Number of protein chains: 2
Amino acid sequence: MSDPETPKTGSFRFVTRGRGRAMRINTAMRSPYGLQIVEDCVACPHKESRLFCNLPGAALQRLSEITSSATYPKGATLFVEGQAARGVFILCAGHVKLSTSSSDGRTLILRISEPGDLLGLPATISGRAYEVTAEVIEPSQANFISRTDFLNFLREHGEAALRVAQELSETYQSAFAEMRTIGLSHSAREKLARFVLDWSAQHAPENGAIKFNLTLTHEEIAQMIGASRETVTRLFADFKKKNLLQIKGSSVTIKDKLGIEQLLQQS
Amino acid sequence: MSDPETPKTGSFRFVTRGRGRAMRINTAMRSPYGLQIVEDCVACPHKESRLFCNLPGAALQRLSEITSSATYPKGATLFVEGQAARGVFILCAGHVKLSTSSSDGRTLILRISEPGDLLGLPATISGRAYEVTAEVIEPSQANFISRTDFLNFLREHGEAALRVAQELSETYQSAFAEMRTIGLSHSAREKLARFVLDWSAQHAPENGAIKFNLTLTHEEIAQMIGASRETVTRLFADFKKKNLLQIKGSSVTIKDKLGIEQLLQQS
DNA sequence: GGTTTGGCGTGATCTGAATCACGGTAAACG
DNA sequence: CGTTTACCGTGATTCAGATCACGCCAAACC
C-alpha cells in the first residue's frame, strides 16, 4: 500500500486517503489560500480526461486504493534531483516548478507544472533517480502513488500502461521543445521572444485576448531561457519601448504579436 | 499490417519481412559494407534484452508479423522532423543521427543512436509529428512497425506497453542530460569537456582503457554541444596542448581524465 | 513606523566565442 | 590523374551578454 508522502520542507496536512473507497465526483471547496481543494483527488478532472478516465471500474477502484493525497505550502519540495525515485505525484491544484541545478549554483528551470501533470513519472518508471527538483511555488494539492504500487498497477492494467506511455511521450516532446529554444537560438532576445509567445499561447485566457498573467520573477524567467537576470530586465524594457508588449504588475499584454514573431526568424 | 518503409533519400533493399514467421535465433552474416546483417531482425539481441524479451510466445509471434526490415545506405533519412508519425524504427545495426534544425539552417544534434534504440517512439505513441530528423550516418539496418500496428500490439499486450514506457523514460532522461549540458554550462570549453567524458564513458572499449573512436566531424560535435565549428577545433587543439587528451585520426585517448573533469567544476 | 528583504532598473566593464576569411591537406570522384 | 569536395587549422575582428556594482521601490515583518 502507499505510504503517505512526507514533504521535505514546510508543513503539510492530509486531505483524504482514498483507501478502499469508490471514486466520487469531486466536491470542491475553498481552502484558506483560495486553493481549490479537491475531495478524493484521484478524480480530479484535469489530466483524468486523458490519463485515467475510461479505465474499467476495477482499475479505478484499485487506483484510488493506492493513492494518497496531501496539500503542500509554498516552498515545499516534492522531491529533489538525484534522490531515488519514491513514486509519482499527480498535481491536482497549484503550480510546481521543475528545475535542475549545477554544482556551482546555476539553475535551469525546465517547466512550471500545471494541475493534471504527473511529476516524477520518468524516474518512477525507469527506476533511476529523479532528474529534476520539484518545488511548490504556490499552495498546491497533489496525489501520490508509490513506485511499487504504481508499477504493480501498470502491470495489472495494460490499458493504463499505454496511457502512461502517451503521457511520457508528451512530456518528452515538450521538454524537447524547450531544448530547441535553448539550443537553437543564438540571441537571448530570440529566446525571450519565444518564451513570451509560448507562455501566451498556453496561459492566455480563452477569450483569445493576448493578455496573460506572468507570476514569475525576472530571475526565474532568466533561468528558463538560460540567460542572466539583468538581460531579461533589459530585454523586457526594450520590448516595451518598441511597443511589442505592455506590462502592468504581473499582467502582460501582447501589443504586436507579429513583431515578436519576427524576432524568432533572424537576428 | 505493416507497409515496408520507403526511405526518402538514397537507395535501399529489403532483407526480410517477418510475416507470419516464428522468431528465430539470428543468423548473422557480413554485408559488403562490413555491416552485420541480422536475419529476421526482430530477434536482434541488443535492445531485446530489455525491451521485448521475456514476452509470451504469442506476443513475439505477433510482433514478428507486424515487423518489416530494411537496410539503408549512408545519407538516407528514416524520417524528418515535422512529418506525421508513421511508425517506429528499431535500429538493428549501424548508427543514426537524430537532429533538429531551425529555419535559419542552424542544427542541433540530439543523439547518435546505437543498435537497439527505438527511433520515433515518442511521436509514434503520442501521434504528433516526429520531433527530430533521423539520418543514417553509416549503412544501417532497421525494423519498422507502423503506428497502427504498434498501438494495437501495445493495447493487446500490456506487458509490452510497460516496457515501452520504460524505454521512453530512459530516452527522456538521456535527452534531459543533454539539455543540462547545454543549458547549465557557461563556457564552450566546459561543454566540450562534458561531451568528451560522456562519449568516453559510453563508447570506450570495455577493457577500461580510456580510448575510443570518434567518427564525428568537428562540425557535428559543435552541433551537439551548441557551439561553432571553429571553437571546437580550437578547444581540441587547446586540450591537446595541455596534454588532456591525444587524437590520432578518429581515435581519441584521454591522457588526463582528472584534468578534464576539473573543467566541469568551474570556469 | 522603522527596517529588512526581495525584486526591478541601469550604467560601466570585460571577455568568450561567433563570424569572417583565409590556406592547407587528403580523400573522393570523374 | 587532375580536380573537386569535405574537413581541419588559425588569425583578425567584433559584439552580445555576463558580471559587478549600484540605487530604488514596495511589500513583509518586528
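Helix 6 (188-203) and helix 8 (229-241) of chain A, along with helix 7 (218-225) and helix 8 (229-241) of chain B, each contribute at least two residues to the surface near DNA strand D. The model described here is predicted. This report begins with the two DNA strands, then turns to the contact of the two chains, the domains of chain A and the small sheet found in each chain.

## The surfaces near the DNA

There are 16 residues around DNA strand D, and those that come nearest are Ser187(A), Ser228(A), Thr231(A), Thr217(B) and His218(B). Helix 8 of chain B provides the largest share of this surface, five residues. By class, the surface near DNA strand D holds four nonpolar, seven polar and five charged residues.

DNA strand C is likewise surrounded by 16 residues, of which Thr217(A), His218(A), Ser187(B), Ser228(B) and Thr231(B) are the closest. Here the elements that each supply at least two residues are helix 7 (218-225) and helix 8 of chain A, together with helix 6 (188-203) and helix 8 of chain B. Helix 8 of chain A gives the most to the surface near DNA strand C, with five residues. The residues near DNA strand C divide into four nonpolar, seven polar and five charged.

The table sets out the two surfaces by strand.

| DNA strand | Residues around the strand | Element giving the most | Classes of residue |
|---|---|---|---|
| DNA strand D | 16 residues | Helix 8 of chain B, five residues | four nonpolar, seven polar, five charged |
| DNA strand C | 16 residues | Helix 8 of chain A, five residues | four nonpolar, seven polar, five charged |

## How the two chains are related

Two copies of a chain are related by a rotation about an axis and a shift along it. In this model, chain A is superposed on chain B by a rotation of 180 degrees with 0.0 Å of shift along the axis, and the RMSD is 0.0 Å. This is the relation of a two-fold axis. Within chain A, the C-alpha of Gly158(A) is the one nearest the axis, 1.8 Å from it. Both copies use the same surface, since 100% of the contact residues of chain A recur in chain B.

The contact between the chains takes 37 residues from chain A and 37 residues from chain B. On the side of chain A that touches chain B, the elements giving two or more residues are helix 3 (121-126), helix 4 (147-156) and helix 5 of chain A. Helix 5 of chain A gives the most to this side, with 20 residues. The residues on this side of chain A comprise 15 nonpolar, 14 polar and eight charged.

## The domains of chain A

Chain A is divided into domain 1 (12-182) and domain 2 (185-266). Five residues from domain 1 of chain A and eight residues from domain 2 of chain A take part in the contact of the domains. On the side of domain 1 that touches domain 2, strand 7 (107-113) and helix 5 (158-184) of chain A are the elements that give two or more residues. Strand 7 of chain A supplies the largest share of that side, three residues. This side of domain 1 has three nonpolar residues, two polar and no charged.

## The three-stranded sheets

In chain A, three strands form an open sheet in the order 10-12-11, with antiparallel pairing. Strand 10 (211-213) and strand 11 of chain A stand at the edges with a single partner strand each, so one side of each is left without a neighbour in the sheet. On average, neighbouring strands of this sheet are turned by 20 degrees against each other, direction ignored. Three bridges join strand 10 of chain A to strand 12 of chain A, and Lys211(A) has Thr253(A) as its bridge partner in strand 12. Helix 6 of chain A packs on the sheet and touches strand 10, strand 11 and strand 12 of chain A, its direction making about 90 degrees with that of strand 10.

Strand 11 (residues 245-248) and strand 12 (residues 251-254) of chain A pair in the antiparallel sense over four bridges. Lys248(A) stands opposite Ser251(A) in strand 12 of chain A. The hairpin of these strands has two residues between them, and in it Gly249(A) takes a positive phi near 65 degrees.

Chain B also has an open sheet of three strands in the order 10-12-11, with antiparallel pairing. Its edge strands are strand 10 (211-213) and strand 11 (245-248) of chain B, each of which pairs on one side only. Strand 10 and strand 12 (residues 251-254) of chain B pair in the antiparallel sense over three bridges, and the bridge partner of Asn213(B) in strand 12 is Ser251(B).

Methods:
Residues are numbered from 1 along each chain as its sequence is written. Chains are lettered from A and ligands numbered from 1 in the order in which they are written. This is a predicted model: local features need pLDDT of at least 70, side-chain atom pairs count only at pLDDT 80 or more; totals for chains, interfaces and linings use all residues. Copies are superposed by least squares on the C-alpha atoms of residues with pLDDT of at least 70 in both. Two residues are in contact if their C-beta atoms, placed from the backbone, lie within 7 Å. A residue is near a molecule or strand if its C-beta atom, placed from the backbone, lies within 6 Å of it. Ala, Val, Leu, Ile, Met, Phe, Trp, Tyr, Cys and Pro count as nonpolar, Asp, Glu, Lys and Arg as charged, and the others, Gly among them, as polar. Domain bounds come from an automatic or database domain assignment. Two strands pair if DSSP finds at least two bridges between them. Axes are lines fitted to C-alpha atoms, for helices over the stretch in contact, and angles run from 0 to 180 degrees between N-to-C directions.
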